[in-house]
Amino acid sequence: MNNLHVKKGDNVMVIAGKDKGKSGSITKVDIDNGRVFVEGLNIATNYVKPRSAQEKGGIVKKEAPIDASNVMIICPECGLPTKAGHRVEDVDGKKVKIRFCKKCNASLEQKATKAAKKATKKATTKKATKKAADTAAVDAEKAE
């Protein structure tokens, strides 16, 4: 298995197993075995024996891998677990394969959504500063 429908950093919901219905963020992806590590889910208990007099033994709890087929991506727009569709879009003159939500058609790519938010924020701040400059000029004319 060389391709998975999830990536590191995606918010996912577990759809099968002992943690069914719980959600978390993916911390690690094992592409070769088709498994993912989800933050705070599928906790396994490890019993550690001290190997020397200085080491401490005890019970260590750590995350165990979950099969990638047992998780679904949570859409950041609609907030629902969804299947990921794929489409090719033209971004800055380059053709890029983008994952999207099958329910609301929103992009699931974090880099793309962050860039879009930055662009809209920049545009709104430019408009606001231009508007402020225009009102200041009008006020100056009225004062004369």
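These legends accompany a set of close-up views of a predicted model.

**View 1. Confidence along the protein chain.** Before zooming in, it helps to know how far the predictor trusts its own model. The mean pLDDT of the protein chain is 81, and 75% of the residues reach 70 or more. Strand E4, residues 43–48, has the highest confidence, at 94. Helix H1, which covers residues 110–143, has the lowest, with a mean of 60.

**View 2. The largest nonpolar core.** This core is made up of 16 residues. Those that touch the most other members are Val6, Val12, Val36, Val38, Val71 and Leu108. Three strands each contribute at least two residues to this core: E1 (11–14), E3 (35–38) and E7 (71–74).

**View 3. The surroundings of Val71.** Here we stay with one of the core residues that touch the most other members. Setting aside neighbours within four places in sequence, Val71 is in contact with a run of residues that includes Val12, Met13, Val14 and Ile15. Its other contacts are His5, Val6, Val36, Val38 and Ile66.

**View 4. Gly24 in strand E2.** Gly24 is found in strand E2, which spans residues 23–30. This glycine counts as buried because its relative accessibility is 13%, below the 20% cut-off. Glu39 is 15 residues away along the chain, yet the C-alpha atoms of Gly24 and Glu39 are separated by 5.5 Å. Apart from neighbours within four places in sequence, Gly24 is in contact with Asp10, Asn11 and Val12, and also with Val38, Glu39 and Leu41.

**View 5. Cysteines without a disulfide.** If you are looking for disulfides, the search of the whole structure finds zero. For Cys75, the nearest cysteine sulfur belongs to Cys104 and is 3.5 Å away; a disulfide needs the two sulfur atoms within 2.5 Å, so this pair does not count as one. Cys101 is in no disulfide either, and the sulfur of Cys104 is again the nearest cysteine sulfur, at 3.6 Å. Cys75 is buried, with a relative accessible area of 1%. Cys101 is also buried, at 0% relative accessibility.

**View 6. Arg87 over the ring of Phe100.** In this last close-up, Arg87 lies over the face of Phe100, 4.4 Å from the ring centre. As for rings paired with one another, the structure holds zero aromatic pairs.

Conventions: Residues are numbered from 1 along each chain as its sequence is written. This is a predicted model: local features need pLDDT of at least 70, side-chain atom pairs count only at pLDDT 80 or more; totals for chains, interfaces and linings use all residues. Side-chain values use heavy atoms; hydrogens and water are left out. Buried means under 20% relative accessible area, exposed over 50%, partly exposed in between (1.4 Å probe, protein chains only). Rings of Phe, Tyr and Trp (its six-membered ring) pair if their centres lie within 6.5 Å; planes under 30 degrees apart count as stacked, over 60 as edge-to-face and the rest as tilted. A charge sits over a ring if NZ of Lys or CZ of Arg is within 6 Å of the ring centre and within 35 degrees of the ring normal. A nonpolar core is a set of buried Ala, Val, Leu, Ile, Met, Phe, Trp, Tyr and Cys residues joined through side-chain atoms within 4.5 Å. Helices (H or I, at least four residues) and strands (E, at least two) are DSSP runs, numbered from the N terminus. Contact means heavy atoms within 4.5 Å. pLDDT is the predictor's confidence in each residue, from 0 to 100.
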